[in-house]
Amino acid sequence: MRNLEQMLEEYEKIAVPDEKIDLSDCPALTEEQLKNAKPLHPIKSKSNDRLVMLRMDNALAEHLEEIGDEWESKVNDVLMNAYAMGQI
């Protein structure tokens, strides 16, 4: 498996800066669409959480620890979004 830092460097090389993305052909959301919008996964309470142990690459663990105290929540959000989209 490639090192996380190497992967991020590769993605940075091919990424298009936000200010260069042309959004002129994207229609604005209507009030009705905004009113009916739903999150990818339901907002949950801490009572639904379950403590698990997980193995991961050292580079990823170090990066997540640098994020701070909320890294577990961020990992959960990424995994829930991938699950909701059928990616895992």
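Q: What makes up the lining of the second largest pocket in this predicted model?
A: In this predicted model, the second largest pocket is lined by L54, M56, L60, L64, K74, V75, V78 and L79. The space in this pocket comes to about 220 Å³.

Q: How do the residues of this lining divide into nonpolar, polar and charged?
A: Seven residues of the lining are nonpolar, none is polar and one is charged. Lys counts as charged, whereas Leu, Met and Val count as nonpolar. K74 is therefore the charged member of the lining.

Q: Which helices each supply at least two residues of the lining of the second largest pocket?
A: They are α3 (58–67) and α4 (71–84). The largest share, four residues, comes from α4.

Q: Why is Y11 called partly exposed?
A: The relative accessible area of Y11 is 46%. Buried requires under 20% and exposed over 50%, with partly exposed in between. Y11, at 46%, therefore counts as partly exposed. Y11 has its place in helix α1 (residues 4–14).

Q: What makes Y11 eligible for a surface patch, and which residues form that patch with Y11?
A: A patch residue needs over 30% relative accessible area and no salt bridge. Y11 has a relative accessible area of 46%, and Tyr is among the nonpolar side chains that are joined within 5 Å. L8, Y11 and I14 form the nonpolar patch on the surface, and together they have about 340 Å² of accessible area.

Q: How far apart are Y11 and L64 in sequence and in space?
A: Y11 and L64 are 53 residues apart in sequence, and their C-alpha atoms are 18 Å apart in space. L64 belongs to the lining of the second largest pocket.

How values were computed. Residues are numbered from 1 along each chain as its sequence is written. This is a predicted model: local features need pLDDT of at least 70, side-chain atom pairs count only at pLDDT 80 or more; totals for chains, interfaces and linings use all residues. Side-chain values use heavy atoms; hydrogens and water are left out. Patches are made of residues with over 30% relative accessible area and no salt bridge: like charges are joined within 9 Å, nonpolar side chains (Val, Leu, Ile, Met, Phe, Trp, Tyr) within 5 Å. Accessible areas come from the Shrake-Rupley method with a 1.4 Å probe; for residues, only the protein chains shown count as cover. A salt bridge is a side-chain nitrogen of Lys or Arg within 4 Å of a carboxyl oxygen of Asp or Glu. Buried means under 20% relative accessible area, exposed over 50%, partly exposed in between (1.4 Å probe, protein chains only). On a 1 Å grid over the protein atoms alone, a cavity is a set of points where a 1.4 Å probe fits but cannot get out, and a pocket is an open set with protein on both sides within 12 Å along at least five of seven lines; lining residues have an atom within 4 Å of a point. Grid points are joined across faces, edges and corners, and a volume is the space filled by probe spheres set on the points.
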